[in-house]
Amino acid sequence: MEEKLYFYYTNDLHSNFEQWPRVTGFLKNEKNLRQCNGESSWIIDIGDHVDRSHPITEASMGKSNVQLLNDAGYDFATIGNNEGITLSHDDLYHLYDEAEFQVVCANLTSLDDIVPPWLQQTINLQTVNGIKIGMIGLTAPFNAFYELLNWHVTPEFDALDKHIAKLKASADIIIVLSNLGISVDQEIARRYDDIDVIIGGHTHHLIKDGEYINNAVITAAGKHCSYIGEVVLTWSHEKRKLVKKEAYATDITEVAKDMQTERKIHKMQQEAEAFLSEKVVHLDKPLEVSWYTETKVMEELTNTIREWTEADAAMLNSGLLLNGLPAGNVTYRDVHRICPHPINPVVVDLKGAELIEVIRASLSKEFMEYRLKGFGFRGEMLGRMVFSGLEVETGLHKNGNEYVQQVLLDNGQPIDPDKTYYIATADTFTFGRLLPEIAKSNTKQYFVPEFLRDLLADTLRKKFG
């Protein structure tokens, strides 16, 4: 006798709630189908469901996301970095208090040794016909942020070394829920013969038909839930082993919406708007924003981050602010609307020569017009860099391109190429290759849980009220 087991999953929604009614509609239909056929099925989320760039998530600190997972009938979830490092310690601790599903993450621990009651390192379940399944969840180890928030994330291979043998002794099938990224998933498959399935996320990769490495099938469904993933495992009761492993990702962008979910999200939106309606400041005149020229509000925001972090100088890209503000009352919803990014301030140390190179790169046409996706940035393009504590003199080449003539401190002294300076900026630039000198800085002091929009609100109150 052979038995099929069905696992449906989502990953990296990032609070893209416009798509969620389709997700719920699809999952309800599939769940009903499996129940009618007498087949075992489960629904799983792989993390980064939360994204505070959406007002619903911002207003509820992610608890509305958990309600929607409950309503859609989820059985299991693990966490991603957007759950883990964009919330305060207390908000993450209580995020899943009302969850009707089990949360599994083997490499997350609280530094105060008080474990959230919802957190499980591994999960064991059993089908009605006695097949034993072991699950382990893993999240990416961004400890530069986690430890400032009083959490710690153990390296994924240490967690696997600790748990895989125990799971193998108690389970017929081992499934990894991984918010680690495709390259790490592939390495896990190569290292561990006993793992059968790796359901992935974090790097927003789409694997439509499964990737087979060693004994595991690897799968992932892209981002924003345009696709829903499905894993189908065929178990032979005679041979007492899996005889087939399949994985698919189905495009659901044309699937009918679940109207009950649509109405609930509309209500959540109204509640979020009301919650965020508190006045921050009254503006006597509009505040303009430009991505290509310096504006007063960006100048003052850059001054604020410099003063708040006590750095030698500061630099922020104008594309952080998506729109200007009209005259009249400005609410927290307005601040969130024009600065939705889950981006924290950071201070890095740079030699003077490195600082000058960063300034040169940031004022290039290619940098200003770069359309960044990810790294916390939720804008259109990077825009012009604005400086505080520095006087940057530029000129124009014959072809119209700008170049740096001289960089001085605000006291008129030239930058010393060999001296170390402490520069405040957006944490975006500590990742990837946008500004390599910042990314490779030996000292990075992140400031959490404050986002740049918190400093923007403070700037509006103090400088424009």
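**A walk through the predicted model**

Met61 is partly exposed, with a relative accessibility of 22%, so it falls just outside the class of buried residues, which lie under 20%. In this predicted model, Met61 sits in the loop that links α2 (55-60) to α3 (63-71). Its backbone deserves a look: phi of Met61 is near 50°, a positive value in a residue other than glycine. Most residues other than glycine have a negative phi, and most peptide bonds are trans.

Two further places in the chain can be read against that background. His204, in the loop between β11 and β12, is not a glycine either, yet has a positive phi of about 60°. His204 counts as partly exposed, since its relative accessible area is 30%. The other place is a peptide bond: Val448 and Pro449 are joined in cis, with omega at about 0°. Pro449 belongs to the loop between β24 (444-446) and α15 (452-464).

From the loop of His204 we can step into the sheet that contains β11 and β12. This is an open sheet of six strands with mixed pairing, in the order β7-β8-β10-β11-β13-β12. At its edges stand β7 (122-126) and β12 (206-213); each has a single partner strand, so one side of each is left without a neighbour in the sheet. On average, and ignoring direction, neighbouring strands are turned by 20° against each other.

Within this sheet, β11 (residues 197-200) pairs with β13 (residues 216-221) in the parallel sense, over three bridges. If you would like a pair of residues to find there, Ile198 stands opposite Ile218 in β13. Helix α8 (residues 182-191) packs on the sheet and touches β8, β10, β11, β12 and β13. The direction of α8 makes about 30° with that of β12. Another helix, α7 (residues 156-170), lies across β7, β8 (132-139) and β10 (173-179). Relative to β8, α7 runs at about 175°.

Now turn to the strands β1 and β2. Which residues of β2 are buried? Six of the six in β2 (residues 40-45) are, so the strand is largely enclosed by the rest of the structure. In a regular strand the side chains alternate between the two faces of the sheet. Here Ser40, Trp42 and Ile44 point one way from β2, while Ser41, Ile43 and Asp45 point the other way, and all are buried. Strand β1 (residues 2-10) pairs with β2 in the parallel sense over six bridges, and Phe7 stands opposite Trp42 in β2.

Finally, the pockets. The largest pocket holds about 1100 Å³ of space. It is lined by 35 residues, and those closest to its centre are His14, Asp51, Gly374, Phe377 and Arg378. By class, the lining of the largest pocket comprises eleven nonpolar, 16 polar and eight charged residues.

The second largest pocket holds about 260 Å³. Among its 15 lining residues, Leu363, Ser364, Lys365, Met368 and Glu402 lie nearest the centre. Both α13 (365-368) and β22 (402-409) supply at least two residues of this lining. Its make-up is six nonpolar, three polar and six charged residues.

Terms used:
Residues numbered from 1 in each chain as written. Predicted model: local features only at pLDDT ≥ 70, side-chain atom pairs only at ≥ 80, totals over all residues. Heavy atoms only, no water. 1 Å grid on protein atoms, 1.4 Å probe; cavity = no way out; pocket = protein on both sides within 12 Å on 5 of 7 lines; lining within 4 Å. Points joined across faces, edges and corners; volume = space filled by probe spheres on them. Nonpolar A, V, L, I, M, F, W, Y, C, P; charged D, E, K, R; others polar. Helix = DSSP H or I, 4+ residues; strand = E, 2+ residues; numbered from the N terminus. Pairing = 2+ DSSP bridges. Axes fitted to C-alpha atoms, helices over the stretch in contact; angles between N-to-C directions. Contact = heavy atoms within 4.5 Å. Buried < 20%, exposed > 50% of the residue type's maximum accessible area, 1.4 Å probe, protein only.
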